[in-house]
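The following exercises are to be worked through in order, with the sequence and the structure at hand. Each task is followed by a solution in steps.

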Amino acid sequence: MFAKSLIALIISAAVVGTRASDCHGDQKTLDECYMQIALDFAKVHNPRFPFGALIVDHGSNTISCYGANSNKKNKLLHGETAAFWNCTEMYPSPTHDDMFNPGLDWSKQTLYTTGEPCPMCASQSIYRGVSRVVWGTSIPDINRSGRQQLMIRMKDVVDSARLGGLQTDPNVPELVGGVLKEECDAAFLDSFSVFRDNKYVESMKAHGEHDFLRQHGIVSPKDEL
Ligand SMILES: [Zn+2]
């Protein structure tokens, strides 16, 4: 029993452990490098739903933790949510006061995620206090690939954030979308082909998405649309 627990702990540590980064260079290079790691992580841990996330301390340029959901136990733990939970478990408040004395300087953390955060994960990004959120594929493009999305953009969630008295919140994260978009789009398109039935194609046509269908080989270029 003890050995089993120990093995589980070691596997968990290998998955979420902090480590020195292999990513170096200017901001664009760093963002692309970390996004590639997030995408690789997603493909390993959840190839059917390649949402992968990692949290990077951009002050020290180290990876703080990872997140992806295998959907084996709890489908609500989206990749970003899993990353927030993993980092919070790894860096508990030294004074048991996560509200005012968290174990990680969240203002120095960037969340990388292969897909634009849903409203649930976008909200957690604000509540957790990361200062940057970087994604590959947008919510509309994930939806176009065939999988249901709540069509509320992260910018709208961020814009809704207000401090008491309806003051503007100055600590909301900076948003950067479209990093390694081509690679992330391809992963979602590939994994979500199972959702693209006739109803999907008809609805895409009804919404004027003919070019998307043709460009991605979902219908033949010769097909009458
Ligand atoms: Zn989410």
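**Exercise 1. The pairing of β2 and β3**

Which residue of β3 stands opposite Gly52?

Solution. This is a predicted model, in which local features need pLDDT of at least 70 and side-chain atom pairs count only at pLDDT 80 or more, while totals for chains, interfaces and linings use all residues. Residues are numbered from 1 along each chain as its sequence is written.

Step 1. Locate the strands, β2 at residues 52-57 and β3 at residues 62-68; strands (E, at least two residues) and helices (H or I, at least four) are DSSP runs numbered from the N terminus.

Step 2. Establish the direction: β2 and β3 run antiparallel and are joined by six bridges. Two strands pair if DSSP finds at least two bridges between them.

Step 3. Read off the partner: Gly52 stands opposite Ala68.

Step 4. Inspect the turn: the hairpin has four residues between its strands, and Asn61 takes a positive phi near 55° there.

Step 5. Consider the surroundings of β3: six of its seven residues are buried, so the strand is largely enclosed by the rest of the structure. A residue is buried if 20 or more other C-beta atoms lie within 10 Å of its own, exposed if 12 or fewer, and partly exposed in between, with C-beta atoms placed from the backbone.

**Exercise 2. The neighbours of β5**

Determine which strands pair with β5 (residues 132-137), and in which sense.

Solution. Step 1. On one side, β4 (residues 109-115) is parallel to β5, with five bridges; Thr110 stands opposite Arg132.

Step 2. Follow the chain from β4 to β5: the path goes through helix α4 (residues 119-128), and this β-α-β crossover is right-handed. The term applies if, with the strands pointing away from the viewer, the path from the first strand over the helix to the second runs clockwise.

Step 3. Three bridges connect β5 with β8 (residues 174-176), again in the parallel sense. Here Arg132 stands opposite Glu174.

Step 4. Assess burial: five of the six residues of β5 are buried, so this strand is largely enclosed by the rest of the structure.

**Exercise 3. The nonpolar core**

Identify the helix that gives the largest share of the largest nonpolar core.

Solution. Step 1. Recall the principle: in soluble globular proteins, nonpolar side chains tend to be buried together.

Step 2. The largest core has 42 residues, and among those with the most contacts inside it are Met35, Leu54 and Tyr112. Such a core is a set of buried Ala, Val, Leu, Ile, Met, Phe, Trp, Tyr and Cys residues joined through C-beta atoms within 7 Å.

Step 3. The helix sought is α2 (residues 27-45), which supplies seven residues.

Step 4. Take Leu54 as an example: beyond four places in sequence, its contacts include Tyr34, Ile63 and Ala83. Two residues are in contact if their C-beta atoms, placed from the backbone, lie within 7 Å.

**Exercise 4. The position of Phe84**

Is Phe84 buried or exposed?

Solution. Step 1. Phe84 is found in helix α3 (residues 79-90).

Step 2. Phe84 has 25 other C-beta atoms within 10 Å, and is therefore buried.

Step 3. Not counting residues up to four places away in sequence, Phe84 touches Gln124 and Arg128.

Step 4. Phe84 and Ala53 are 31 residues apart along the chain, and their C-alpha atoms are separated by 9.4 Å.
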